[in-house]
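Work through the exercises below with the sequence and the structure open. Try each task before you read its solution.

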Amino acid sequence: MTEKKESCQCDERQEIKKDIALKATVSAIKKKILVLSGKGGVGKSTVSTNLAVGLSQKGYHVGLLDIDIHGPNIPNMLGLQGFPPLITDMGLFPIKMYDNLQVISIGFFLEEKDTPVVWRGPLKHRMIEQFLTDVRWGALDYLVVDSPPGTGDEIISIVQLLDKVDGAVIVATPQDVALADVRRSIKFCLEGSIPVLGIVENMSGFVCPYCGNTVEIFKTGGAEKLAQEYKVPFLGKIPIDPKIVEAGDDGKPVMIYYPNSKPAEAFSNIINKIMEVLKV
């Protein structure tokens with residue numbers, strides 16, 4: 001009986017310590033941005049990466065948190081594969097990319113980058129919780145959260161753990177099927193009292209690598225009409241550019257390596273619109 005009581009007290013102490021650590025982390029983050037997509041393959045990680053990089057280029061202290069447990073692409077997008085985070089008695093320290101940009105992802109802990117993560121909801125929640133309680137982020141101006149497609153366990157967990165999300169950026173592509181999934185993301189935010197910072201239409205037009213002109217090989221403007229329908233901001237269009245593909249494969253964010261490209265210009269405009277709403 002005594003052993004059982006001591007065990008219960010120990011569990012309670014651990015829960016209290018965890019709650020304190022979580023509150024300390026969350027209170028040190030000024031603005032929390034959730035990047036959502038109702039559908040996979042729309043370039044959400046590309047948007048998350050370049051938003052975080054672009055904000056850090058403006059001198060802000062930025063954290064990039066990858067909660068896509070089953071498809072962690074952020075380490076690849078930043079060229080950080082093979083760089084494990086530092087684990088000490090004080091906790092786990094995120095990977096630093098420049099002095100003011102820190103990154104954490106389950107991808108840093110996988111033996112091989114193609115190792116599948118076969119987890120149910122509770123394990124995902126615990127991992128995301130550890131990303132906030134055990135990781136020593138320090139004081140952040142912005143935390144950009146790259147989420148998996150849909151509105152499943154990971155999204156619910158991060159919203160609960162952060163307590164208050166300052167805004168969501170919703171990524172879409174022009175196809176009707178993708179826009180139907182975007183509607184679900186918008187409704188999720190509205191029902192969860194998460195402010196929608198706006199919709200980004202990715203893969204909107206193709207930038208010719210020879211003449212530099214943008215050709216509309218797919219329909220465009222669908223995301224903008226959807227923003228008008230739901231009365232949420234439209235943040236802008238990001239064109240298809242071979243430079244984005246090249247930069248992503250090489251782990252070189254387009255905002256850094258191709259600052260004068262049309263995608264970088266589009267990202268810059270989007271970041272300025274976000275900063276107008278979420279001032280630090």
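**Exercise 1. Describe how α4 and α5 pack against each other.**

Solution. Start with the geometry. Helix α4 (residues 121-133) and helix α5 (residues 153-162) pack with their axes 9 Å apart, at an angle of about 40 degrees. The model is a predicted one. Next, classify the angle. Angles under 35 degrees would count as roughly parallel, and the roughly perpendicular range is 65 to 115. The two helices α4 and α5 are therefore oblique to each other. Then take the handedness: α4 passes α5 in a right-handed crossing. Finally, list the contact residues. From α4 come G121, K124, H125, I128, E129 and L132. From α5 come D153, E154, S157, I158, Q160, L161 and L162.

**Exercise 2. Do the same for α2 and α10.**

Solution. The axes of α2 and helix α10 (residues 262-277) come within 10 Å. They cross at roughly 70 degrees. The range from 65 to 115 counts as roughly perpendicular. The crossing angle therefore makes α2 roughly perpendicular to α10. The crossing of α2 past α10 is right-handed. On the α2 side, T46, V47, N50, L51, G54 and L55 make the contact. On the α10 side, F267, I270, I271, I274 and M275 do so.

**Exercise 3. How many aromatic pairs does a search of the whole structure find?**

Solution. The search finds one. The partners are Y60 and Y142, with ring centres 5.3 Å apart and planes at 85 degrees, so the pair is edge-to-face. The cut-off for that class is over 60 degrees. Now place the partners. Y60 is in the loop between α2 (44-57) and β2 (62-66). Y142 is in strand β7 (residues 140-146). The pair links distant parts of the chain, 82 residues apart. Last, check accessibility: both Y60 and Y142 are buried.

**Exercise 4. Which ring does K252 lie over?**

Solution. K252 lies over the face of Y257. Its distance from the ring centre is 5.4 Å.

**Exercise 5. Locate S193 and M203, and compare their phi values and accessibility.**

Solution. Begin with the background. Most residues other than glycine have a negative phi. S193 has a positive phi, near 55 degrees. M203 also has a positive phi, near 55 degrees. Now the locations. S193 lies in the loop between α6 (176-191) and β9 (196-207). M203 is in strand β9. Then apply the accessibility classes. S193 has 65% relative accessibility, so S193 counts as exposed. M203 has a relative accessible area of 28% and is partly exposed.

**Exercise 6. Are D241 and T173 buried or exposed?**

Solution. Take D241. Its place is the loop between β11 (234-240) and α8 (242-249). The cut-off for buried is under 20%. At 6% relative accessibility, D241 is therefore buried. Set aside its neighbours within four places in sequence: D241 is then in contact with V207, S261 and P263.

Now take T173, in the loop between β8 (167-172) and α6. Its relative accessibility is 4%, so T173 counts as buried. Add one distance. T173 and G221 are 48 residues apart in sequence. In space, C-alpha to C-alpha, T173 and G221 are 9.5 Å apart.

Notes. Residues numbered from 1 in each chain as written. Predicted model: local features only at pLDDT ≥ 70, side-chain atom pairs only at ≥ 80, totals over all residues. Heavy atoms only, no water. Phe/Tyr/Trp six-rings, centres within 6.5 Å; stacked < 30°, edge-to-face > 60°. Helix = DSSP H or I, 4+ residues; strand = E, 2+ residues; numbered from the N terminus. Buried < 20%, exposed > 50% of the residue type's maximum accessible area, 1.4 Å probe, protein only. Lys NZ or Arg CZ within 6 Å of the ring centre and 35° of its normal. Axes fitted to C-alpha atoms, helices over the stretch in contact; angles between N-to-C directions. Parallel < 35°, antiparallel > 145°, perpendicular 65-115°, else oblique. Left-handed = near helix turned anticlockwise from the far one by under 90°. Contact = heavy atoms within 4.5 Å.
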